Amino acid sequence: MPASSPLASVLFVCVHNAGRSQMAAGFLGHLAGDRVEVRSAGSVPGDRVNPAAVEAMKEAGVDISAATPKVLTVEVVELSDYVITMGCGDACPVFPGKQYLDWDLEDPAGKGVEAVRPIRDEIRARVEALVAAIDARQGA
C-alpha cells in the first residue's frame, strides 16, 4: 500500500464540534499521523472551538487552535470508515459497512481548563485504543 493511502478514515461527531470531537481529532492526527484520515463535525456546530479545550490540548502538546467547527453532512459520514459519536443522539446518519462507536464523554462546554483536563485524558486513552485497533485490523 502506498504511504499516501491512509489505513482508515475516522469521523468524530459531537453536537457543537467545539470540544470533544475536536480534541479527539487532534489526538488522532497527533498519534496516527498520515496513517489515518481524520474528520470531525457537529450536528449543530458552534461558532468556535472551546478555548478551554484548546488550552487543555496545548498542555498535552497538541495544537487545535486553528480548528473550526464544521457541520455534519451525509457525505462526510459516507466517506468515513469509523464514525464515533459523542452525545449527538440520533443526528448522525447510519450507513451499512461503517463501524459506529458511541463514546459517552462529559461535555466540556462552559467548563474551565481544570475541568476539561480529565475529559481530555479520557479522550486520549480512547483514541490510543482506537489507533491500536485500526493498526491491528490492518495488520500494520
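Where does Val 54 lie? Select Val 54 and you will find yourself in helix α2. Before moving on, keep in mind that this is a predicted model.

**Stop 1: Val 54**

Show the surroundings of Val 54. This residue is buried, with a relative accessible area of 14%, which falls under the 20% cut-off for that word. Setting aside residues up to four places away in sequence, Val 54 touches Val 49, Ile 64 and Ser 65. Now add Glu 114 to the selection: its C-alpha atom is separated from that of Val 54 by 12 Å, although the two positions lie 60 residues apart along the chain.

**Stop 2: where α2 meets α4**

Colour residues 51-59, which form helix α2, and residues 113-138, which form helix α4. The axes of these two helices come within 9 Å and cross at roughly 60°. That angle makes α2 oblique to α4, and the crossing is right-handed. To see the contact itself, show side chains for Ala 52, Ala 53, Glu 55, Ala 56, Met 57 and Glu 59 on the α2 side. On the α4 side, pick Val 113, Val 116, Arg 117 and Arg 120. Colour this contact by residue class and you get six nonpolar, no polar and four charged residues.

**Stop 3: Val 116**

Stay in α4 and centre on Val 116, which has its place in that helix. How buried is Val 116 in terms of relative accessibility? The value is 0%, so Val 116 counts as buried. Leaving aside neighbours within four places in sequence, Val 116 is in contact with Met 23, Ala 52, Ala 53, Ala 56, Pro 108 and Lys 111. Try a distance label to Ala 52: the two C-alpha atoms are separated by 6.7 Å, with the residues 64 apart along the chain.

**Stop 4: the length of α4**

Zoom out until the whole of α4 is in view. This helix has 26 residues and reaches 36 Å from its first C-alpha to its last, close to the 38 Å expected at 1.5 Å a residue. Select its buried residues next: Val 113, Val 116, Ile 119, Arg 120, Ile 123, Val 127, Leu 130, Val 131, Ile 134 and Asp 135. What covers them? The cover includes the strands β1 (8-14), β2 (36-42), β3 (82-86) and β4 (99-102), together with the helices α1 (20-32) and α2.

**Stop 5: helix α1**

Move to α1, a helix of 13 residues. Its first and last C-alpha atoms are 18 Å apart, close to the 18 Å expected at 1.5 Å a residue. Is α1 largely enclosed or largely open? Because 10 of its 13 residues are buried, α1 is largely enclosed by the rest of the structure. To pick out the buried ones, select Arg 20, Ser 21, Gln 22, Met 23, Ala 24, Ala 25, Gly 26, Phe 27, Leu 28 and Ala 32. Their cover includes β1, β2, α2, β3 and α4.

Both sides of this helix's sequence are worth a click. In the loop between β1 and α1 you will find Asn 17, which is buried with a relative accessible area of 0%. Its phi is near 50°, a positive value in a residue other than glycine. Just after α1, Gly 33 takes a positive phi of about 60°.

**Stop 6: where α1 meets α4**

Display α1 and α4 together. They pack at an angle of about 45°, with their axes 9 Å apart, and are therefore oblique to each other. α1 passes α4 in a right-handed crossing. From α1, show Arg 20, Met 23, Ala 24, Phe 27, Leu 28, Leu 31 and Ala 32. They meet Val 116, Ile 119, Arg 120, Ile 123, Arg 124, Val 127, Glu 128 and Val 131 in α4. This contact divides into 11 nonpolar, no polar and four charged residues.

**Last stop: Arg 20**

Finish on Arg 20, which sits in helix α1. At 6% relative accessibility, Arg 20 counts as buried. Which residues does Arg 20 touch, not counting those up to four places away in sequence? Show Cys 14, Val 15, Met 86, Gly 87, Leu 105, Glu 106, Asp 107, Pro 108, Ile 119 and Ile 123. For a closing distance label, choose Leu 105: its C-alpha atom is separated from that of Arg 20 by 7.7 Å, and the two residues are 85 apart along the chain.

Definitions and conventions. Residues numbered from 1 in each chain as written. Predicted model: local features only at pLDDT ≥ 70, side-chain atom pairs only at ≥ 80, totals over all residues. Heavy atoms only, no water. Axes fitted to C-alpha atoms, helices over the stretch in contact; angles between N-to-C directions. Helix = DSSP H or I, 4+ residues; strand = E, 2+ residues; numbered from the N terminus. Parallel < 35°, antiparallel > 145°, perpendicular 65-115°, else oblique. Left-handed = near helix turned anticlockwise from the far one by under 90°. Contact = heavy atoms within 4.5 Å. Nonpolar A, V, L, I, M, F, W, Y, C, P; charged D, E, K, R; others polar. Expected span 1.5 Å × (residues − 1). Buried < 20%, exposed > 50% of the residue type's maximum accessible area, 1.4 Å probe, protein only.
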